[in-house]
Every structure is written in structure tokens, then in C-alpha cells.
Amino acid sequence: MTDSLASDERIVPMRLQRFLARAGVASRRGSENLMTAGRVTVNGKVASELGTKVDPLVDVVAVDGVVVRLSEGFAYLMLNKPAGYLTTMSDPHGRPCVASLVPTKAYPGLFPVGRLDADTTGLLLFTTNGELAHRMLHPSTHVWKHYVALVKGTPSKRELSALSQGVELEDGPTAPARVSLLDDADPVCRPVAPGRVPRGHAVVGISIHEGRKHQVKRMMEAVGHEVVRLHRDVFGPLALGDVAQGSGRELSAEERAALEALH
Ligand code: URA
């Protein structure tokens with residue numbers, strides 16, 4: 001995995017015998033016995049020292065060759081995707097992929113829920129829960145996503161109103177959206193305009209519940225404003241908050257419950 005998940009929100013390293021006990025392998029004492037018997041490996045190396053610590057997000061622990069994970073059930077992580085990464089778990093041409101930014105070894109089967117363009121930054125959800133991903137991406141679920149777009153020119157009231165009512169794209173009209181012009185001083189603008197908003201540009205906040213290819217860019221283009229930078233800060237019940245670019249964190253129990261409740 002990546003050091004990029006080495007944020008404060010990562011589960012702190014814990015003693016290996018505690019990890020094994022919490023994973024339900026054996027009691028703390030029983031786990032120590034497994035370790036001293038040389039039956040436990042961390043990242044492929046025998047770990048018989050009782051002081052050994054592991055990071056559940058990074059290290060791969062196995063007992064008698066069988067990988068042990070801390071929590072049964074599904075993994076859920078959010079990543080603040082940097083620009084320049086493809087939303088795919090591998091690329092035949094060797095281009096940078098989001099897979100290199102998340103702990104795929106600790107969570108085999110992790111995949112991104114939906115897509116962001118290579119040049120789009122922001123909130124990308126990862127899970128091992130295929131059913132939940134399917135539900136979140138299904139058009140009938142209406143998962144609202146909020147984007148912040150730095151655009152050329154300043155959209156007029158009429159253009160903003162057209163966007164919010166729906167614009168005609170080549171694959172059909174868009175559903176109603178929530179659109180507003182953001183104030184330069186609003187901190188939500190920072191990911192797309194870290195200093196000042198460049199002259200002749202504006203920042204638009206736009207929430208949509210559809211997920212068509214390049215949808216926000218095409219919507220803005222339909223009213224004559226090219227998107228220069230695009231960032232997603234909200235995905236359904238999840239908000240990116242202060243997760244740094246290139247970093248990620250596991251979802252809290254409340255966030256997981258909010259996802260499970262979507263239908
Ligand atoms: N809309 C876009 O145009 N691009 C994205 O990456 C996401 C939404």
C-alpha cells in the first residue's frame with residue numbers, strides 16, 4: 001500500500017497478538033503461542049517476537065499461510081484523488097492508477113465506486129462490497145455528488161438556471177441539478193483555485209445525481225463555459241473534509257451505516 005494513507009485517521013499499529021485476538025484467531029495468550037510456534041507471518045516473514053507490531057491497513061498477517069483480516073465484512077475507504085491518476089486498478093500502458101494510492105494488499109478485491117476523470121481531483125470511494133457499489137451507481141438510487149468547477153468566464157443567472165433545470169447533451173437532457181456561483185473567499189473553492197480565482201474565471205458549485213461520462217464538463221460546455229479544473233468534495237452521504245490530496249482514510253462506522261442505508 002501507500003504511505004499516502006498514513007494519516008492520523010489510520011488505525012494505529014497494534015501488537016500482533018492483539019491483532020490476532022481481535023481478528024478472532026485465538027485468545028491473546030493462544031495467539032502468543034501461535035507466534036512463538038512460528039506459525040504467524042507478517043508480510044511473508046515469520047513473526048515470533050511478542051513485541052511485533054502491525055498496521056492493519058498495511059501489513060498482511062497470515063496464520064499457517066492463511067491471511068487474517070481484522071474485521072470480517074467489507075472494506076470502505078475514501079481517497080482524495082490527485083490529478084494525473086486514472087480511475088482504474090491497473091493500466092496496460094503503465095500509466096499512474098488510483099490502485100497505487102490505496103491498500104490493495106490489506107484489502108484484496110478493493111475497487112473504486114464510479115469514476116473521476118484523470119484530471120479531476122477529490123473524493124473517490126473504494127470498497128470490496130460489490131452489491132453496495134452497484135446500488136450506489138444505479139441511476140434509481142439518486143446519489144448526489146457535489147463538484148466544484150473552475151470555469152472560463154462567469155456564468156449568467158440564465159445559464160445557471162438552465163443548468164439547474166437541465167441542459168441538452170448529445171446523450172439526452174440532464175436531470176435537474178443544484179448550481180450556484182461560489183464566492184472567491186469560500187474555502188470550498190481552494191481545491192480548484194488555491195490562490196485567487198484567476199482573472200476571467202469563476203467557480204461554480206454543482207450537485208448532480210447522474211453519473212454520465214464527463215457530465216459536469218459537458219454541462220458547463222453546453223452553457224458556454226469550459227471547465228479548467230474539477231474537484232468532487234461530496235459523494236452521497238460522504239464528505240471529503242480535510243483529507244489531503246493523495247491521502248485517504250477508512251470510513252467511520254457512521255459513514256458506513258449511511259452508505260448501507262442508501263436505497
Ligand atoms: N464530471 C466530469 O466531467 N468529470 C468527472 O470526473 C466527474 C464528473
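Student: What makes Arg-218 and Asp-171 a salt bridge?

Tutor: In this predicted model, the closest N and O atoms of Arg-218 and Asp-171 are 3.0 Å apart. The cut-off is 4 Å between a side-chain nitrogen of Lys or Arg and a carboxyl oxygen of Asp or Glu, so the pair qualifies.

Student: Why is this pair said to tie together parts that are 47 residues apart in sequence?

Tutor: Because Arg-218 lies in helix H5 (residues 215–222), whereas Asp-171 lies in the loop between strand S11 (168–169) and strand S12 (172–173). Both residues also belong to a network of salt bridges, together with Glu-210 and Arg-212.

Student: Is Arg-218 called buried or exposed, and what is Asp-171 called?

Tutor: Arg-218 has 19% relative accessibility. Buried means under 20%, so Arg-218 counts as buried. Asp-171 has 43%. That value falls between 20% and 50%, so Asp-171 counts as partly exposed.

Student: How do you know that Arg-135 and Glu-131 are separated by about one helical turn?

Tutor: They are four residues apart in helix H3 (residues 130–137), which means a separation of about one helical turn. They also form a salt bridge, with the closest N and O atoms 3.0 Å apart; that is within 4 Å, so the name applies.

Student: What is the accessibility class of each of these two?

Tutor: Arg-135, at 19% relative accessible area, is buried. Glu-131, at 49%, counts as partly exposed, because exposed would require over 50%.

Student: Why are Glu-255 and Arg-249 both called buried?

Tutor: Glu-255 has a relative accessible area of 15%, and Arg-249 has 12%. Buried means under 20%, so both values meet the rule. Their side chains meet in a salt bridge at 2.8 Å, N to O. By the salt-bridge rule, the count comes to 11.

Student: What makes Arg-18 a candidate for a surface patch?

Tutor: Its relative accessibility is 34%. A patch takes residues with over 30% and no salt bridge, so Arg-18 passes on accessibility. Arg-18 is found in helix H1 (residues 16–22), and forms a positive patch with Arg-15, Arg-22, Arg-28 and Lys-53.

Student: How do you know that Thr-41 is buried?

Tutor: Thr-41 has a relative accessible area of 19%, and the limit is under 20%, so the word fits. Thr-41 lies in strand S2 (residues 40–42). Among the residues it touches are Val-46, Ala-47 and Val-61. Thr-41 and Val-61 are 20 residues apart in sequence and 5.7 Å apart in space, C-alpha to C-alpha.

Methods
Residues are numbered from 1 along each chain as its sequence is written. This is a predicted model: local features need pLDDT of at least 70, side-chain atom pairs count only at pLDDT 80 or more; totals for chains, interfaces and linings use all residues. Side-chain values use heavy atoms; hydrogens and water are left out. Patches are made of residues with over 30% relative accessible area and no salt bridge: like charges are joined within 9 Å, nonpolar side chains (Val, Leu, Ile, Met, Phe, Trp, Tyr) within 5 Å. Accessible areas come from the Shrake-Rupley method with a 1.4 Å probe; for residues, only the protein chains shown count as cover. Lys and Arg count as positive and Asp and Glu as negative; His and the chain ends are not counted. The place of a charge is taken as NZ of Lys, CZ of Arg, CG of Asp or CD of Glu. Helices (H or I, at least four residues) and strands (E, at least two) are DSSP runs, numbered from the N terminus. Buried means under 20% relative accessible area, exposed over 50%, partly exposed in between (1.4 Å probe, protein chains only). Contact means heavy atoms within 4.5 Å. Lists of a residue's contacts leave out its neighbours within four places in sequence.
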